[in-house]
Amino acid sequence: MRALLKTTLCSAVAVAMVGCANINESTTVNVEKSNEKAVVETIMTRRSVRDYKDEAVDREQMAKVIECGIYAPSAMNKQTWAVRVVDDKAFLDGVTEIAVKQNPKLKEQANFRNFFRNAPTVAFIACPEESYSGEYDCGLLSENMMLSAWSMGIGSCCLGSVVPVMNSEEAKPYMERLNLPEGYKLLVAIAFGYPAGEAPVAPERDASKAYYVE
Ligand SMILES: Cc1cc2nc3c(=O)[nH]c(=O)nc-3n(C[C@H](O)[C@H](O)[C@H](O)COP(=O)(O)O)c2cc1C
């Protein structure tokens, strides 16, 4: 059992790099402490990745990422989301062609290979048009997916810019292929892939936006 726990922790924190050798096997408290370190480190080191290797994300790894997504909390456990993952290069290149036609300046971006920040795998996240919690639920699902991906060495980037292009008349055939449930709207796309190039630096955060009320 303890060995199983150790194996599970080792595979879950590939990037968080806590190093299972540090886990003191004699107490539960220490195992929990290491877990905390792994989670915090994964959160703090995740960055939006905008350049990727060409190979699509391994589908078994992606299955774990999706599972982590759907284990996010959702209001009344309604799971108000629809997730469609695409690693078909022809699909992504087809949408890229449409995006470039609509905005030729895209091609001026450094290393531009596709409209999805060069990602080979993209998750399209949709929620009901009419739902008080849909967008919130999908946000939580999205973050679970991005963090679990990062813990496995998979980079990601939320892409709001994909939505208007996918909603345009020209992209209709691609939207149809997503086969979203009736009454759902595309909320965001998430790029996934194995990072290429330099590790991104964290944009500055404004700590004054959160504080205790005394
Ligand atoms: C809802 C949402 C939409 C975003 N849309 C885009 C986008 O269209 N293109 C892009 O390059 N990054 C996009 N981002 C990524 C943000 O720019 C990024 O998260 C932010 O600058 C903080 O950087 P970090 O993720 O590396 O910490 C989006 C993020 C969110 C949450």
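**Ligand contacts.** I began with serine 48 in this predicted model, and I found that one of its polar side-chain atoms lies 2.6 Å from an oxygen atom of the ligand. I then looked up serine 161, where a polar side-chain atom lies 2.7 Å from an oxygen atom of the ligand, and arginine 117, where the corresponding distance from a polar side-chain atom to a ligand oxygen atom is 2.9 Å. I also noted how much of the ligand is covered: on its own it has 630 Å² of accessible area, and the protein covers 62% of this.

**Ligand shell.** I listed the residues around the ligand next, and besides Ser48, Arg117 and Ser161 they include Arg46, Arg47 and Arg50, the run Cys157, Cys158, Leu159 and Gly160, and also Pro203 and Arg205. When I sorted the shell by residue class, I obtained five charged, four nonpolar and three polar residues.

**Sheet.** I turned to the strands and recorded an open sheet of four, in the order 1-2-4-3, whose pairing is antiparallel. I noted strand 1 (82-86) and strand 3 (155-159) as the edges, since each has a single partner strand, so one side of each is left without a neighbour in the sheet. For the twist I entered an average of 25 degrees between neighbouring strands of this sheet, with direction ignored.

**Strands 2 and 4.** I looked separately at strand 2 (residues 121-128) and strand 4 (residues 184-193), which run antiparallel and are joined by eight bridges. Within this pair I located isoleucine 125, which stands opposite valine 188 in strand 4.

**Helix on the sheet.** My last entry concerns helix 5 (residues 134-151), which I found lying across strand 1, strand 2, strand 3 and strand 4. Against strand 2, I recorded that helix 5 runs at about 160 degrees.

Key:
Residues numbered from 1 in each chain as written. Predicted model: local features only at pLDDT ≥ 70, side-chain atom pairs only at ≥ 80, totals over all residues. Heavy atoms only, no water. Near = heavy atom within 4 Å. Polar contact = N/O pair within 3.5 Å; in protein donor to acceptor, adjacent residues only side chain to side chain. Areas by Shrake-Rupley, 256 points an atom, 1.4 Å probe, with all protein chains shown as cover. Nonpolar A, V, L, I, M, F, W, Y, C, P; charged D, E, K, R; others polar. Pairing = 2+ DSSP bridges. Helix = DSSP H or I, 4+ residues; strand = E, 2+ residues; numbered from the N terminus. Axes fitted to C-alpha atoms, helices over the stretch in contact; angles between N-to-C directions. Contact = heavy atoms within 4.5 Å.
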